[in-house]
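Got your viewer open and a hand on the mouse? Let's take a walk through this model, one selection at a time.

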Amino acid sequence: MSKKLQEIPINVINVKADGEIEETLLYSAHKKIYPRWVTGFWNNWRIFFVFATQLFFYGVPWLQIHERQALLFDLVHRKFYVFGLVFLPQDFIYLTALLLLSAFGLFAWTTIGGRLWCGYACPQTVYTEIFLWIEKWVEGDRAARIKLDNAPLSAKKLRLKTTKHTLWIVFALWTGFTFVGYFTPIRELWSNLLVLALSGYEVFWILFYGFATYGNAGWMREQVCKYMCPYARFQSAMFDADTLIISYDSERGENRGSRKKGADYKAEGLGDCIDCTMCVQVCPVGIDIREGLQYECIGCAACIDACDEIMDKMNYPRGLVRYTTENALEHKYPERDILKKIKRPRVLMYAVVISITLAATIASLMLRQPVKVNIERDRVALVREADNGWLENSYRLIIQNASEQPHIYLIRATGLPGMKLIGDDSIELAPTDINDVSVRIQVAPEHAKAGSHAITFIVTAKDDPEQTVIEKATFIGK
Ligand code: SF4
Ligand code: SF4
């Protein structure tokens, strides 16, 4: 008789030295999680972060600066507009700096705050939260959803499921549309969408990102964090005993067990945990925090809100499940002292790297000239004699206006006595435009003996002399 894959246990049997048999399950069938709705202090923070991050994500592409999209990564024209600054492929160093800052920022943040990023701001968490809101709004809370899923197909079930998935898909496609709007002007994209004139690439990426959102937030949910997210896997390397974690205070909670409200439970040998399982029911990854710190925990604090509500009802102090650290639990110091432990070598090292990178990036951005110049020598004829008997070298100056305003650029050359620049000594460029100018440099033979001589090209914006680029070149004499 054939069996489904999830019915076949795939285990590793390990026989220990003392003869004890240890069995490790390598594959366990996925069980759908139905997180219960929770309210409370930390839930309010989660709602705040959902709105803050989504306001940014959906709103920013519509902002305009200098009549251009404020944040646009124009891959086709290889120009990146970032709130009034224009970056070109030559500015790759800033991307490196951004990646460095993001990486070390995340390392530092993880060492201090544990999985705060996962619990509040990670797109996977945020979209799962939004999809859960839609699900709850359409199908009801945990018990109603379980009942609906277990019920046979009916007109009501079909209606509710169709409504939920339609709302999910519309939301996901809007997310896909916005994502593409960071790479192609979103206002044009919208106009083209209205007249169904999107390009094939645009349609592909809207659908791709849209269905990734739908699949990850609607179907995969906690499995993305558990099995796919690399950050979840390597962050334990950044944890130490002073890292913020969410923990169940087992010393206070055990022995767990039900009791009547107001009963002298301590006399019965019970702790503060009434074993209501609310902390488990609200958990979006389906774990029991009372079993200790687990890698699946995304630090969302839903279990804290759920348990605090129970503690309030029982008239017990809050904080049976709380934000704390291993050291605070072990050495029993109050949670307010956790901040004092922030100054530790690992955190200071991250802070130094971040500060240096940030300072260097800001300084470089402030000194950055919004005009780029590249010089290419004519390599066919290194030097030739002009009609007037002077020696002549030819160059091509590729000039790019990396600003949002049009400019006329003046071109000069210095370095050898009496040298003359023949050809165009100025060029007009529209915002972000690039063009090249061919020029010749003539030098009297007595000032350019055989060999190469250092010369300098100076390119200056006529209306803003501060925009000046000095580029070195060589003049070949004979
Ligand atoms: S154990 Fe608590 S903090 Fe961790 S994921 Fe579950 S509900 Fe969130
Ligand atoms: S919510 Fe609190 S009281 Fe209820 S089971 Fe969890 S830890 Fe115990």
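## Start with a long helix

Select helix 15: its 23 residues reach 33 Å from the first C-alpha to the last, close to the 33 Å expected at 1.5 Å a residue. That expected span is 1.5 Å times one less than the number of residues. Helices here are DSSP runs of H or I with at least four residues, strands are runs of E with at least two, and both are numbered from the N terminus.

Before moving on, some ground rules: this is a predicted model, where local features need pLDDT of at least 70, side-chain atom pairs count only at pLDDT 80 or more, and totals for chains, interfaces and linings use all residues. Residues are numbered from 1 along each chain as its sequence is written, chains are lettered from A and ligands numbered from 1 in the order in which they are written, and side-chain values use heavy atoms, with hydrogens and water left out.

Now colour Val 347, Tyr 350, Thr 357 and Thr 361, the buried residues of helix 15. Buried means under 20% relative accessible area, exposed means over 50%, and partly exposed is in between, using a 1.4 Å probe and protein chains only. What covers these buried residues includes helix 2, so let's go there next.

## Across to helix 2

Select residues 92-113 to light up helix 2. Its 22 residues should span 32 Å at 1.5 Å a residue, and the end C-alpha atoms are 31 Å apart, which agrees. Which residues of helix 2 are buried? Pick out Tyr 94, Ala 97, Leu 101, Ala 108, Thr 110, Thr 111 and Gly 113. As you look along a helix, keep this in mind: an α-helix has 3.6 residues a turn, so residues three or four places apart point the same way.

The cover over the buried residues of helix 2 includes strand 7 (85-87), helix 3 (116-121), helix 10 (230-234) and helix 15 (345-367). Just after helix 2, click on Gly 114, which takes a positive phi of about 60°.

## Odd backbone spots

Two residues that are not glycines also have a positive phi: Arg 78 at about 55° and Phe 83 at about 45°. Arg 78 is in the loop between strand 5 (71-74) and strand 6 (79-82), and at 55% relative accessibility it counts as exposed. Phe 83 is in the loop between strand 6 and strand 7, and this residue is partly exposed at 42%.

Then jump to the peptide bond from Glu 254 to Asn 255, which is cis, with omega near 0°. Asn 255 lies in the loop between helix 11 (250-253) and helix 12.

## Three residues and their company

Try Gln 54 in helix 1 (residues 41-59). Is Gln 54 buried or exposed? Gln 54 is buried, with a relative accessible area of 10%. Show its contacts (heavy atoms within 4.5 Å): leaving aside neighbours within four places in sequence, they are Gly 59, Val 126, Tyr 127 and Ile 130.

Next comes Trp 190, in helix 7 (residues 186-194), which is partly exposed at 34%. With the same sequence neighbours left out, Trp 190 is in contact with Trp 62, Trp 174 and Phe 177. Draw a line between the C-alpha atoms of Trp 190 and Phe 177: they are 13 residues apart along the chain and separated by 8.6 Å.

Last of the three, Ala 413 sits in strand 13 (residues 407-414) and counts as buried at 18%. Not counting residues up to four places away, Ala 413 touches Met 419, Leu 421, Ile 441, Thr 456 and Phe 457. The C-alpha atoms of Ala 413 and Ile 441 are 8.1 Å apart, with their positions 28 residues apart along the chain.

## Finish at the ligands

Select ligand 1 and show the 13 residues around it, those with a heavy atom within 4 Å. Cys 283, Cys 297, Cys 300, Ala 301 and Cys 303 come nearest. The shell around ligand 1 has twelve nonpolar, one polar and no charged residues. Nonpolar covers Ala, Val, Leu, Ile, Met, Phe, Trp, Tyr, Cys and Pro, charged covers Asp, Glu, Lys and Arg, and polar takes the others, Gly among them.

Finally, select ligand 2, also surrounded by 13 residues, of which the closest are Cys 273, Cys 276, Thr 277, Cys 279 and Cys 307. Helix 12 (278-281) and helix 13 (302-314) are the elements that give two or more residues to this shell. By class, the shell around ligand 2 has ten nonpolar, one polar and two charged residues.
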